[in-house]
Amino acid sequence: MLLLGSAAPSAHAADRLQRLLDRFIAEEELDGGVLLVSGPDLRRVVVSGIADRRGERPVTEETRFYVASVGKMATAAAVMQQVEEGLLSLDRPVRELAPDLPLGKVANANRARLVHLLDHSSGIPDYITDAYEEDEAAKPERLPRSGALLAYAAGEEATGPVGGHYEYSNSNYVLLRHIAALRDGVPFAQVLRSRVLERAGMGSTTVGADPRDRSLAHGYTEEGDVSRRSWAATTGDGPLVTTAGDLERFVFALFRDNRLLKPETVRRMMTPSENEEGQGLGVALSKDRWGRSVGHDGRYDGFEADVRYYPGRRTALIFLTNGNQQSDEALLDAVAEEVFRR
């Protein structure tokens, strides 16, 4: 049963969640945020702060945020659909799945298999290098949004042996994006739309975003508005701009209702990696006093997101913000305490 302390009136629940969000936004010096809690006996969405400093447009439930690496779950779900259909195999070598990419100078790329990309055990170095960050800051719209990004990883050392260690690398999901699009024969944005967004009912979610869209939250750092870097991102490591409500629909479609994948496939995604118990196939796994959870977080300049689903409680917790925290505190830890305590 989903409870908030001993208070029965739902208005009291919303009040306490609102106070948690407001305090977190203020203490972490964030511009705005949205917090969603959804379970069998309670659904609440609370908002705080502004989505855009120009005109101080407030955050609403419909505000769309860039969610960075949270989008890896959607990429993984699309790839696992292709595995279910026999279009891909977890044991197939990457060199056979992406024969059109020049991978010779990318460490481990010619030895890794599909499963190693999904659980970050490939040892392929991250393309987000100093050179990449310099180019992105100068001209984000002109960067390649394809497998060509791996050129930034060329010549970098492998992070470890293929399949024998865990090291988070965005290059893995750039490769997955390329492989998924190649297998379906359509652009990656269309792969995600047809395989994930439409099936989950995510009508407010896009791959990348038009800067003129008034529904967007703008992301801020000490440099000011840095949103265009994120809105231009369309690769598999962080492709989505979305709402808290659409992420709720995604979480339930994937983990609760099996509308995106078969139950056995979801169980495989939620099986801990041999190299890292907190990593599944495209999802992060954790356990706290309230039970086991699955989800992902995301962080990039000007935006952060955190998504958790507790299968034993059939409850989703989602937090989105257009800023970067000052501390390592997780708002969802406090939210879980508030929601699940008895």
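**Exercise 1. Place Glu-338 by its exposure, then find its partner and network.**

Start with burial. Glu-338 has a relative accessible area of 12%, so it is buried; the cut-off is under 20%. This is a predicted model.

Next, the partner. Glu-338 forms a salt bridge with Arg-341, at 3.1 Å from N to O. Arg-341 is partly exposed, with a relative accessible area of 32%.

Last, the network. Shared partners in salt bridges join Arg-16, Glu-338 and Arg-341.

**Exercise 2. Work out which parts of the chain the Asp-213 and Arg-64 pair links.**

Take the distance. The closest N and O atoms of Asp-213 and Arg-64 are 3.0 Å apart, in a salt bridge.

Locate each residue. Asp-213 sits in the loop between β5 (206-207) and β6 (220-221). Arg-64 lies in the loop between β3 and β4 (65-66). The two are 149 residues apart, so the pair links distant parts of the chain.

Check exposure. Arg-64 is buried at 6% relative accessibility, whereas Asp-213 is partly exposed at 26%.

**Exercise 3. Do the same for Arg-53 and Asp-31.**

Their side chains meet in a salt bridge of 2.9 Å, N to O. Arg-53 is in the loop between β2 (42-52) and β3 (57-58). Asp-31 is in the loop between α1 (10-27) and β1 (32-39), 22 residues apart from Arg-53. Asp-31 is buried at 13%; Arg-53 is partly exposed at 43%.

**Exercise 4. Judge how compact the chain is.**

Count the elements: 11 helices and 12 strands. Then compare radii. The radius of gyration is 19 Å, close to the 20 Å from the globule rule for 342 residues, so the chain is as compact as a globular protein of that length.

Terms used
Residues numbered from 1 in each chain as written. Predicted model: local features only at pLDDT ≥ 70, side-chain atom pairs only at ≥ 80, totals over all residues. Heavy atoms only, no water. Helix = DSSP H or I, 4+ residues; strand = E, 2+ residues; numbered from the N terminus. Rg over C-alpha atoms; globule rule 2.2 N^0.38 Å. Salt bridge = Lys/Arg side-chain N within 4 Å of Asp/Glu carboxyl O. Buried < 20%, exposed > 50% of the residue type's maximum accessible area, 1.4 Å probe, protein only.
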